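Here are my notes on the model, set out point by point. Please read them with the coordinates open.

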Amino acid sequence: MNKMEKESGIKIPMDVKNGKNTDLLTKFPLLKRILKARSFQFIIILPNLFVFYVIILAGIIGSPVGNRNIAIVFIWILWWFLLIAIMVPFASRVWCTMCPLPFFGDLFQRMAFIKVRLGKTAYLRNKMFGLNKKWPKYLTNIWIQNIGFLTLCTFSAVLVTRPFVTSIVLGLMLLLGTVMSMIWKLRSFCSYICPVSGFLSLYSSAATMELRRIDNDVCLKCKDKGCYKGNEKGYGCPWSEYMGTMERNNYCGLCTECLKTCPNDNIGLNTRSFASETIIKGYDESWKGFIMLALAMAYSVILLGTNGTIKNWANAPETGNWGGFFIYAAILWSSALVVVPAVFYFFAYLSKLITKSTQSVKEIFKTFSYILVPLGLLAWIAFSFPLIFVNGSYIISVISDPLGWGWNLFGTAGFKWQPLVPDYLGYVQLILLLTGLGFAISRGYRVSLNIFKDEHTALMGLLPMAGFALLVTLAFLTFFIG
Amino acid sequence: MKNMNIKKVVIIITITLTGALAGILYFNSSAKPIRRDIVIKARQYSYEPNRMEVNVGDTLYIKLLALDVMHGFYLEGYDIDAEIPANLSNFKVRKPSDGFNWKDTNEIVIIVTRGGKFRYRCSHTCGTMHPFMQGEMIVHPNHLFNGGVGAVIGFVFGLLWLIYKKNKKGHDNE
Ligand code: SF4
Ligand code: SF4
Ligand code: SF4
Ligand SMILES: [Cu+2]
């Protein structure tokens, strides 16, 4: 429990001190009542669970043609867009609030949909079923997620076009999550394995919303620690976060348990400015940033690009060109894990050179890697706009014929594919990229001040990083509109 | 405080737009309009040529061929959608703005009026990678891209300059 003992030296985040944030729960008492209800998470997961079930089924028994199958259209067009362009930037990990994947795992551990069981399980005051093993210390990072995500993405050309593959992958994730909940404590699957979780954690740190304690002193004096240990009102934090000191969005799955368990009503849902959390804790997080950036570039070339050869390489299961696939995979992995980080390292080195700082290049590299968050997130949003604007009309047709079997439930099955203002998306993408660049530089300066202390040095140290951000932005600009 | 922020925003926007303008003017090109005869071959899952560069004012005479299965040809920004049966020189074409009035033809004629990047996409489901089958027509001068590059560079300089000014001011006050 040393995690809890360390709580005395907490720093209050800048934005809280300024009192700039608005607590949505104070502003909207109804919202507070809803979130505090024990049944809240269950009720919001339930419809998703149903859709999830339909999607898995559709992938298996429905049409193998991706754009005629709800599994592909709903997951890779609708869900993906909502996730990356709306949920993550504005509402942090709100997807995790409603995600159906851990449903059966939670159910197993709690043996209840809603009810709370008191008891004793390790430090928890709840009775939890299963083995409740501790997750191994050396895996307490997001490296598995990094590698898992990169692996999945290597097969993305297959994943996003074959309903069957999408179903199998989702099904396996559900199964793995459930099995893991029987062995390891709480949401070990979510925290360390779920491939979606990695980028949700990284990018949600930029979100304009946060769930936090309201008053530090109340937490310091609090004996109950219900948020962490659970009590009769709810379960201890399934993500093992302790609200009394939590400073970042990254690993809070917004499950709303702590809202219920905190006996002092000391938790608020704040709005805040974009990208206001500027801390990268470890190399695992830095690399997540590199992987995401490299993938956004790779997809811009492979999926949104025009070159048929690369498409055939990525699509080896159909073309049989496994040699090409190997080249493509090798390029993808080496750029994500080595080349992009190496380029960034070079810029970090320049930063040290210019500032003549005594800080190690590694430290500069890691701290500055925060700029990958706004840069990458906005690039991903810019990348995702064409997906929904160009292929969004499939949502209309597939909703009437989810399995591609010739049904016409709502009379919209015949709706022809019709891109929406495709020739103006470039303007939107330009503005999005500029936004990412702007945040990368302005937040980069804040980060730089943390590294170099005095303002002049901070600005000098920022210059190479601004150069990196500029190059990345120009690259995306060329992919999108050049 | 508020006024300061507004002033900053105005400065940034001005510098960014100046950059955009500089980009547009610097890369501006005016080629003499010509006639171009183009044959576009569609094959799972790309077009050949996959990228064509033309100039504003050009007249394009486009023939479409599908070499394996039936493909489509939906050209952004020019209100053209075609369905190309495999291995035939004739194909069907329509104006999407005008519904489903398909016409049989063996050539599309386009007078290029707008600069920019316009993608042509397959509009007829042709296999697994169909949703990603596309080519691009770059029409010079591509003001959006040229201006975009200028804007991005201007924006970076603007931001850095503002930070520099702010630091200086902070020191002067000390
Ligand atoms: S971490 Fe993954 S499995 Fe867990 S709730 Fe979030 S998206 Fe779902
Ligand atoms: S239970 Fe409430 S008051 Fe106590 S530590 Fe947790 S958030 Fe703070
Ligand atoms: S801190 Fe823990 S209990 Fe509270 S919402 Fe986040 S994940 Fe749930
Ligand atoms: Cu096609």
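The points below cover the ligand shells, a helix pair, an aromatic pair and the domains of one chain.

1. Status. This is a predicted model. Please keep that in mind for every value below.

2. Ligand 1. The surrounding residues include four cysteines of chain A: Cys96(A), Cys99(A), Cys190(A) and Cys194(A). Arg93(A) and Arg187(A) also belong to the shell, as do Trp95(A), Phe189(A) and Trp239(A). Helices α7 (94-98) and α12 of chain A each give at least two residues to this shell. By class, the count is 9 nonpolar, 1 polar and 2 charged.

3. Ligand 2. The shell here holds 13 residues. The closest are Cys219(A), Cys222(A), Cys227(A), Cys262(A) and Asn264(A). Two helices of chain A, α14 (216-221) and α15 (226-229), each contribute at least two shell residues. The class split is 9 nonpolar, 3 polar and 1 charged. Cysteine is counted as nonpolar in this scheme, so read that split with the cysteines in mind.

4. Ligand 3. Cysteines appear again, with Cys237(A), Cys252(A), Cys255(A) and Cys258(A) among the residues around this ligand. Others include Leu211(A), Pro238(A), Met243(A), Thr256(A) and Glu257(A). The shell divides into 9 nonpolar, 2 polar and 1 charged. Trp239(A) is listed around ligand 3 and also around ligand 1.

5. Helix packing. How do α5 and α6 of chain A cross? The axes of α5 (residues 40-61) and α6 (residues 70-91) come within 8 Å and cross at roughly 130°. α5(A) is therefore oblique to α6(A). On the α5(A) side, the contact uses Ile55(A), Ala58(A) and Gly59(A). They meet Ile70(A), Ala71(A), Phe74(A) and Ile75(A) of α6(A). The contact residues are 6 nonpolar, 1 polar and no charged.

6. Aromatic pairs. A search over all chains finds 46 of them. One is Trp135(A) with Trp184(A), an edge-to-face pair. The centres are 5.1 Å apart, with 70° between the planes. This pair links distant parts of the chain, 49 residues apart. Trp135(A) sits in the loop between β3 (124-126) and α9 (143-154). Trp184(A) sits in the loop between α11 (163-183) and α12 (188-193).

7. Chain B. Which segments make up domain 1 of chain B? Domain 1 combines 2-28 with 145-172, while domain 2 spans 35-140. The C-alpha centres of the two domains are 39 Å apart.

Terms used
Residues numbered from 1 in each chain as written. Chains lettered and ligands numbered in written order. Predicted model: local features only at pLDDT ≥ 70, side-chain atom pairs only at ≥ 80, totals over all residues. Heavy atoms only, no water. Domains from an automatic or database assignment. Near = heavy atom within 4 Å. Helix = DSSP H or I, 4+ residues; strand = E, 2+ residues; numbered from the N terminus. Axes fitted to C-alpha atoms, helices over the stretch in contact; angles between N-to-C directions. Parallel < 35°, antiparallel > 145°, perpendicular 65-115°, else oblique. Contact = heavy atoms within 4.5 Å. Phe/Tyr/Trp six-rings, centres within 6.5 Å; stacked < 30°, edge-to-face > 60°.
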